[in-house]
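Me: Could you zoom in on one part of this model and talk me through it slowly? I'm in my first year, and I'd like the terms spelled out as you go.

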Amino acid sequence: MIAAHMALQTAGSLFRPSLQALVAEVFPQESLPRIFSWSGSSTVAGSLSGAALGGILAGFMAIELSLFVVILLYLGAVLTIHLLHYIPVPREEKEEISSFWHEMKEGFRYVHHNRMLYGLFVMLMLGQLTFHTTLGFLSVYTSAHLKQPSIIYGLLDSTFSIGGIIAGLLGTWWWAKCQHRIGITSLLLTAAGLAIVSFTSFVPFAFFGFLLIGIGTSFIRALLQSVQQMATERRFHGRISSLRMLCNQTSVALTGPMFGVTASNYGASTVFLLLLIPVTGGVLWAYVQSRHPAFKKAITAA
């Protein structure tokens, strides 16, 4: 079971950056904010549908058949991608095939020569860290802090996901409204949601806080990812997506045990209060980033 779960997670981690790089190759740059926003809404809607379907499958089918359904869905996604018609980015002819380490080193060099990407990686990492930490500690927060039953947990989880759907639907409008302040406003929404859930034990306020977190993190993950893709040369899309995911997943893996100890000793609400510290710093960082010429150029290109 553990090996199967690891295999599926590895497949997902390989699939996402590859698909993101493909999207940037298939669609014109000015369409990327809209495409990534719709993609974010579709992903959240798929997660909700998958959770509901998974519960039904677990009740009526053996685990092997359930995993077979998951594999069929992956195969369906691969088939759908192969049906896309587009002109691939021409690749330079090389005398020999580059090694994995050479390709990754070229990606690091590219980021180092385009320092603006460092700032985008930081903001995207904060969005991803807040998203995954919220998912991981929501159940503990509901039972230990709010002292509510599992049905409230399910409703809070759905509210958090609905925030992601709303962000996907409003992504293009939010991009046009905020322009180069998009990172600042998205992180402010996330910080406001974290502050609410950190200091309240009133259930309706908690719903509003998790809705704001869902909207803010989805804006960060979809729209700032669009900026990153638009500011990156097309031949580096795959490598930069992989490096971004490496930063995101590493931050989640490193902070997870620390947050777990904190929740055990001081309560789940303290986890969200701790998250508020780097997110608030991210707002200040986003202000500096918003003044960068390359950032403004990528924003106005859409």
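Reply: Let's start where α5 passes α9, in a right-handed crossing (the near helix is turned clockwise from the far one by less than a right angle; anticlockwise would be left-handed). Keep in mind that this is a predicted model, where local features need pLDDT of at least 70 and side-chain atom pairs need 80 or more, while totals for chains, interfaces and linings use all residues. Residues are numbered from 1 along each chain as its sequence is written, and side-chain values use heavy atoms, with hydrogens and water left out.

Helix α5 covers residues 116-145, and α9 covers residues 237-266 (helices are DSSP runs of H or I with at least four residues, numbered from the N terminus). Their axes are 9 Å apart, and the packing angle is about 45° (axes are lines fitted to C-alpha atoms over the stretch in contact, with angles from 0 to 180 degrees between N-to-C directions). The two helices are therefore oblique to each other (not under 35 degrees, not over 145 and not 65 to 115).

Who meets whom? On the α5 side you'll find Phe121, Leu124, Gln128 and His132, among others. Their partners across in α9 include Ile240, Arg244, Asn248, Phe259 and Ala263. Contact here means heavy atoms within 4.5 Å.

Now slide along α9 to Thr262, which sits in that helix. Thr262 counts as buried because its relative accessibility is 11% (the cut-off is under 20%, with a 1.4 Å probe and protein chains only). The Thr262 side chain reaches back to the backbone oxygen of Met258, at 2.9 Å. That fits the limit for a polar contact, a pair of N or O atoms within 3.5 Å, one able to donate a hydrogen and the other to accept it. Set aside neighbours within four places in sequence, and Thr262 is in contact with Gly267, Thr270 and Leu274.

Back to α5 for a last stop: Leu124, one of the residues facing α9, is also in contact with Leu224. Apart from neighbours within four places in sequence, Leu224 has other contacts too, including Leu120, Met123, Ile182 and Phe295. Leu224 belongs to the largest nonpolar core, which has 61 residues (buried Ala, Val, Leu, Ile, Met, Phe, Trp, Tyr and Cys joined through side-chain atoms within 4.5 Å). Along with Ile182 and Phe210, Leu224 touches the most other members of that core.

Terms used
Buried means under 20% relative accessible area, exposed over 50%, partly exposed in between (1.4 Å probe, protein chains only).
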